[in-house]
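Here are some short exercises to work through with the model open beside you. Try each task yourself before reading its solution.

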Amino acid sequence: MANTAKSGAMSDKNKTSARIIRYSPFYVMFTPVLIILILFYYLPILGLRWSLYKFNPFIPEPVYIGFENFMTLFKSARFWAAFSNTLVLSIVNLCLSMIFSVGIALLINEIGHALAKKFVQTVIYLPHFLSWVVVAGIFALILSVEGQTGGFVNTILIKLHLIDEPVYWLTEKKAWRLIWYIANRWKETGWGTIIFLAAVTGISPDLYEAAEIDGAGKLKQVWYITIPSLMETILVVFILNLAKVMNVFESVFVMYNEMVYDVSDVIQTYTYRVGLQGGANYGYSTAVGIFKSVISLILVSAANYTSGKIRGRGII
Amino acid sequence: MKKNIILKAATVAVALMMASSFLTACGSEQGAAAINDLPLDDTCVDGVAKPEKIIMMVDTFMKVENREVGGKDVVCEEYKKKTGIDLEIEMPSHNQYYEKVNLSFASGNVPNVIELGSTYYPNYSAYGALWDMTDAYESSTAPMKSIIDEQFVDALRIGDEGNKRLYGFPMARGNGTITYVRGDWMKELGISDPKNYDDFINMLEKFKTIEDCYAPLTVAGFINSESPYNQYLKEFYWDADPHFYYDDNEKKYVDGMSQPAMKDALKRLRDAYEKGLIDRQAVTNSTADCRNKFNTGHAGCFNYWAGAWNKTLEQNMSNLTKKGNEDVVKPLAPIVETQYVERPPTAMSITSKTKNPLGVYKYLIEYSHDGGEGQMLFTHGVEGENNGKEKTGHWKNENGKIVALPYFSSENLVEKVYYSPELTITEWNDPIEADHEVVNSSKIFRENSYMVPVPKTSDEMSDALPELDTVRKEVISKIVTGVTGIDDGIKEYETRAAEEIEIILNALNS
């Protein structure tokens with residue numbers, strides 16, 4: 001009996017070795033990825049300890065201060081405003097991105113002419129390749145107040161008698177978020193359609209044929225076939241993007257200003273000002289970073305749990 | 001307090017230890033001599049060991065706008081020829097400079113020499129990041145000592161009264177900003193130089209009538225992002241300072257935002273903004289936007305650096321409008337209600353992790369301020385070889401006349417390599433004559449400005465300032481643009497930043 005178990009273990013070992021040898025090219029290919037993961041994703045985790053220290057680059061020895069950085073963080077009204085802005089801006093933007101990307105993907109899918117379809121795709125993908133600095137510059141120009149009637153937007157609004165004189169929308173609290181959503185959708189919607197277009201193409205034509213025979217029009221086909229078929233992809237994209245909602249920075253940084261801090265300042269811009277621009281307070285910045293990661297984890301876990309409840313299984 | 005004493009004691013001890021180790025190692029007790037006279041192969045002369053390599057992290061080597069490729073290498077090669085020392089210059093992008101300096105300390109790859117503006121200099125020294133060069137300076141017998149203008153060295157002495165220490169050497173004068181106006185507009189409108197605030201407002205109102213003038217006065221924000229916070233809008237601030245300052249009457253530090261002078265300044269700014277005299281896009285403008293508006297005739301007045309920038313503005317104006325002459329970009333003397341403000345000099349500091357700080361001090365700082373070969377190298381670059389800018393450095397033309405030659409990367413003449421010639425702090429015979437515009441705007445500035453001291457700082461202040469800066473900037477912008485009233489705005493500032501104000505005032509007045 002013992003001999004059988006021993007020979008079984010030996011045989012398993014041999015199998016493992018044989019598998020390793022057999023798939024060795026894949027392990028070799030994976031090695032650079034593993035190194036990058038360790039260097040840039042796992043090793044930095046060791047730096048989390050600095051959240052418990054008073055640490056800036058010049059102090060000879062960081063001073064252990066327990067949870068003081070977290071206490072300072074939780075007492076800061078500006079931090080909570082930034083936290084709330086981050087959630088609102090990111091989640092609304094994420095929902096809009098889902099609606100617009102799926103919608104545009106469906107519309108593009110309906111274009112029959114192959115060349116026209118490619119042209120439209122190319123045009124809407126292009127803004128994705130512009131840097132946020134350029135996008136902010138474009139929006140600043142079209143929203144400008146300079147000249148008799150200001151930029152493009154003000155000129156139109158004045159001609160429509162909706163306003164009497166140019167308004168500097170970028171400094172208007174009520175308008176800033178809308179402008180930010182529009183800039184985000186203009187830049188990223190096209191790119192966001194790629195994955196949904198691929199998914200739409202994968203839906204079996206038999207389903208549409210059957211629906212047509214049953215008398216379903218285009219809209220009903222979309223509602224009863226396309227969207228349910230896309231639901232799996234939508235959920236996966238949604239959950240993956242949910243993990244990134246706390247990471248919003250560049251798009252806000254290039255478009256915000258002190259007049260709209262109340263509605264635009266997000267955790268990353270707050271951390272940048274306090275942690276990097278100010279007194280290089282790295283301990284405090286790390287505390288903010290940990291808080292951000294915990295929230296991201298909660299959001300993703302909640303979304304995954306919800307997905308499990310709705311679909312019977314999660315995606316992670 | 002205890003920490004500070006320990007830090008100071010440690011710094012002094014390290015400095016003494018290093019100085020004594022050099023003397024011991026070199027077996028000499030003589031004072032320092034001019035390094036120009038030293039043979040290149042000496043590694044240890046007059047008690048000071050020659051460093052093999054010096055790493056500098058700089059913000060402005062060569063003119064920032066040019067950031068030319070190759071130029072700094074030529075200077076480093078020449079420095080090596082003259083001193084036998086390898087000079088490595090790290091130049092991060094201008095707007096990331098301090099982030100990179102901080103990261104260099106965090107990563108442990110600390111350069112030997114860094115340059116620090118007055119907002120950062122006291123912080124870095126308080127943390128013990130900088131070498132105390134007081135003794136090195138005091139005991140030096142180098143030629144530099146006899147030609148240096150001591151007031152600029154003194155401006156960088158910080159610490160307790162009676163024991164002020166020097167953690168950085170002035171690169172050059174701190175300089176400051178001056179108001180430029182479109183001289184051609186003034187001529188066209190028949191306006192003479194404004195003498196007082198009413199004249200100034202009158203001038204802006206007339207500028208408003210110029211076709212295509214979007215903003216009679218353009219500015220990038222209503223408050224500067226570092227000390228001096230009021231420098232760009234002195235015609236409106238007058239004697240108000242939105243930062244903390246020492247009040248001679250009250251004999252203590254006060255918060256400038258809560259002073260009556262600040263209320264008056266905000267009222268002037270608000271009125272002018274309401275009348276459309278100040279750029280409506282001031283909040284989102286960058287300084288580059290302001291320069292562009294001025295050059296393209298969309299703004300008639302703005303406040304910018306005195307000296308070399310006068311010439312650059314003219315060159316840009318000339319390229320764009322073909323109107324470039326000294327009448328178009330006109331520097332103004334300040335109105336009677338105020339004066340321009342000069343920053344403390346930028347400090348050239350040796351980091352405390354440098355193994356041979358005394359050597360770096362002597363072979364780089366003293367050498368580059370020697371009033372001769374070193375100063376020429378760090379001001380105008382490398383002497384040319386008769387002709388051809390590709391082959392030569394930055395001065396001496398084919399006739400042997402000493403003039404500025406073009407940069408490698410552009411047709412513009414080299415204005416400076418590291419030290420601006422018009423901002424020199426040494427009395428030396430600069431053979432290259434400065435342009436009339438540079439001299440003129442520098443002269444107007446110097447005759448009408450005062451130098452602000454290096455701001456006092458502390459650990460607590462460093463932590464509290466970023467949050468306070470945010471609230472202050474936000475409130476000032478809201479007041480000026482009419483979103484909130486002056487009293488309400490100041491009340492909002494005092495409420496929201498109450499904790500930070502208290503921390504900072506306690507630290508300053510303790």
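**Exercise 1. Taking stock of the chains**

Task: Find what share of the residues in chain B is buried, then describe both chains in outline.

Solution: Start with chain B of this predicted model: of its 510 residues, 57% are buried. Next, go through its secondary structure, which comes to 19 helices and 17 strands. Then take the contacts in chain B between residues at least 6 apart in sequence; 71% of these join residues at least 24 apart. Now turn to chain A, where 40% of the 316 residues are buried. Chain A has 14 helices and two strands. Among its contacts between residues at least 6 apart in sequence, 65% link residues at least 24 apart.

**Exercise 2. Ordering a sheet in chain B**

Task: Work out the strand order of the open four-stranded sheet in chain B, and say which strands are its edges.

Solution: A good way in is to follow the pairings one by one. Strands of a sheet pair through backbone hydrogen bonds, in a parallel or an antiparallel sense.

- Step 1: β10(B) pairs with β13(B) in the parallel sense over two bridges. Here B:L217 has B:C301 in β13(B) as its bridge partner.
- Step 2: β13(B) and β9(B) are antiparallel, paired over five bridges. One point to check is B:Y180, whose bridge partner in β13(B) is B:F302.
- Step 3: β9(B), residues 177-182, pairs with β14(B) over four bridges, in the antiparallel sense. B:T179 stands opposite B:L332 in β14(B).
- Step 4: Put together, the order is β10-β13-β9-β14, with mixed pairing. The edge strands are β10 (215-217) and β14 (329-332) of chain B, each of which pairs on one side only.
- Step 5: Neighbouring strands of this sheet are turned by 35 degrees against each other on average, direction ignored.

**Exercise 3. What lies across the sheet?**

Task: Identify which strands helices α9 and α16 of chain B lie across, and decide whether β13(B) is mostly covered or uncovered.

Solution: Take α9(B), residues 197-207, to begin with: this helix lies across β9, β10, β13 and β14 of chain B. Its direction is at about 130 degrees to β13(B), which spans 299-305. Now look at α16(B), residues 436-447, which lies across β9 and β14 of chain B and runs at about 125 degrees to β9(B). Finally, inspect β13(B): the strand is mostly covered, with seven of its seven residues buried.

**Exercise 4. A helix pair in chain A**

Task: Classify the packing of α4(A) against α10(A) by angle and handedness, then describe the residues in contact.

Solution: First, locate the helices: α4(A) covers residues 77-110 and α10(A) covers residues 218-242. They pack at an angle of about 135 degrees, with axes 10 Å apart. Because of that angle, α4(A) is oblique to α10(A). The crossing is right-handed. Next, list the contact residues: α4(A) brings A:L94, A:M98, A:V102, A:L106 and A:E110, and among those they meet in α10(A) are A:V222, A:L230, A:I234 and A:F238. The residues of this contact divide into 10 nonpolar, two polar and two charged.

**Exercise 5. A helix and what follows**

Task: Name the buried residues of α12(B), and find which residue just after this helix takes a positive phi.

Solution: Within α12(B), residues 287-295, the buried residues are B:C290, B:R291, B:K293, B:F294 and B:N295. Step past the helix and you reach B:G297, which takes a positive phi of about 80 degrees.

Notes: Residues are numbered from 1 along each chain as its sequence is written. Chains are lettered from A and ligands numbered from 1 in the order in which they are written. This is a predicted model: local features need pLDDT of at least 70, side-chain atom pairs count only at pLDDT 80 or more; totals for chains, interfaces and linings use all residues. Side-chain values use heavy atoms; hydrogens and water are left out. Two strands pair if DSSP finds at least two bridges between them. Axes are lines fitted to C-alpha atoms, for helices over the stretch in contact, and angles run from 0 to 180 degrees between N-to-C directions. Contact means heavy atoms within 4.5 Å. Angles under 35 degrees count as roughly parallel, over 145 as roughly antiparallel, 65 to 115 as roughly perpendicular and the rest as oblique. A crossing is left-handed if the near helix is turned anticlockwise from the far one by less than a right angle, and right-handed if clockwise. Ala, Val, Leu, Ile, Met, Phe, Trp, Tyr, Cys and Pro count as nonpolar, Asp, Glu, Lys and Arg as charged, and the others, Gly among them, as polar. Buried means under 20% relative accessible area, exposed over 50%, partly exposed in between (1.4 Å probe, protein chains only).
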